[in-house]
Amino acid sequence: MEETGAVFRKELVSKLLHLHFKDKKTKVSGDALQLMAELLKIFVVEAAIRSVRQAQAEELDHVDVEQLEKVLPQLLLDF
């Protein structure tokens, strides 16, 4: 399958995951990193879409950090 759009680098995903591991020796397989990168991409795209909808509901011409801040609680509850 061909990637389209932005992607998360495996090194970044690995570092993000390892920040939350209690055992520093924990290893993550390449498949797990790929899956986690895809989940992060979905999360970011969903945040962007919801932020746009929030801006439209507020009759704004552009999305700003305030719209993202308003939709983040919804995203955290959905996931």
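**Note on a three-helix model**

Buried residues make up 14% of the 79 residues in the protein. Buried here means under 20% relative accessible area, exposed means over 50%, and partly exposed lies in between (1.4 Å probe, protein chains only).

1. **Basis.** This is a predicted model, in which local features need pLDDT of at least 70 and side-chain atom pairs count only at pLDDT 80 or more, while totals for chains, interfaces and linings use all residues. Residues are numbered from 1 along each chain as its sequence is written, and side-chain values use heavy atoms, with hydrogens and water left out.

2. **Fold elements.** The protein has three helices and zero strands. The order from the N terminus is α-α-α. Helices (H or I, at least four residues) and strands (E, at least two) are DSSP runs, numbered from the N terminus.

3. **Overall shape.** The radius of gyration is 16 Å, whereas a compact globule of 79 residues would have one near 12 Å. That radius is taken over C-alpha atoms, and the globule rule is 2.2 Å times the number of residues to the power 0.38. Along the principal axes, the C-alpha atoms fill a box of roughly 50 × 35 × 20 Å.

4. **Contacts across the chain.** Take the contacts between residues at least 6 apart in sequence: 40% of them join residues at least 24 apart. Contact means heavy atoms within 4.5 Å.

5. **Surface and charge.** The protein exposes about 6600 Å², and carbon and sulfur atoms supply 60% of it. Areas come from the Shrake-Rupley method with a 1.4 Å probe; for residues, only the protein chains shown count as cover. There are 11 positive and 14 negative side chains, with the centres of the two sets 13 Å apart. Lys and Arg count as positive, Asp and Glu as negative; His and the chain ends are not counted. Each charge is placed at NZ of Lys, CZ of Arg, CG of Asp or CD of Glu.

6. **Salt bridges.** Side chains of opposite charge can pair when their charged atoms come close. The structure holds three salt bridges. The term means a side-chain nitrogen of Lys or Arg within 4 Å of a carboxyl oxygen of Asp or Glu.

7. **Glutamate 46 and arginine 50.** Their closest N and O atoms are 2.7 Å apart. Both residues lie in helix H2 (residues 30-57), four residues apart, about one turn of the helix. Arginine 50 counts as buried, at 18% relative accessibility. Glutamate 46 is partly exposed, at 25%.

8. **Lysine 70 and glutamate 58.** These side chains meet in a salt bridge at 2.7 Å, N to O. The pair links distant parts of the chain: lysine 70 is in helix H3 (residues 65-78), and glutamate 58 is in the loop between H2 and H3, twelve residues apart. Lysine 70 is partly exposed at 42%, and glutamate 58 is partly exposed at 26%.

9. **Glutamate 11 and arginine 9.** This salt bridge has its closest N and O atoms 3.6 Å apart. Arginine 9 is exposed, with a relative accessible area of 57%.

10. **Serine 51.** This residue is found in helix H2. Its relative accessibility is 3%, so it counts as buried. Beyond its neighbours within four places in sequence, serine 51 is in contact with Val63, Gln67, Leu68 and Val71.

11. **Phenylalanine 8.** The residue sits in the segment before helix H1 (10-18). It is partly exposed, at 28%. Leaving aside neighbours within four places in sequence, phenylalanine 8 is in contact with Val13, Ala37, Leu40, Lys41 and Val44. Phenylalanine 8 and leucine 40 are 32 residues apart in sequence and 7.7 Å apart in space, C-alpha to C-alpha.
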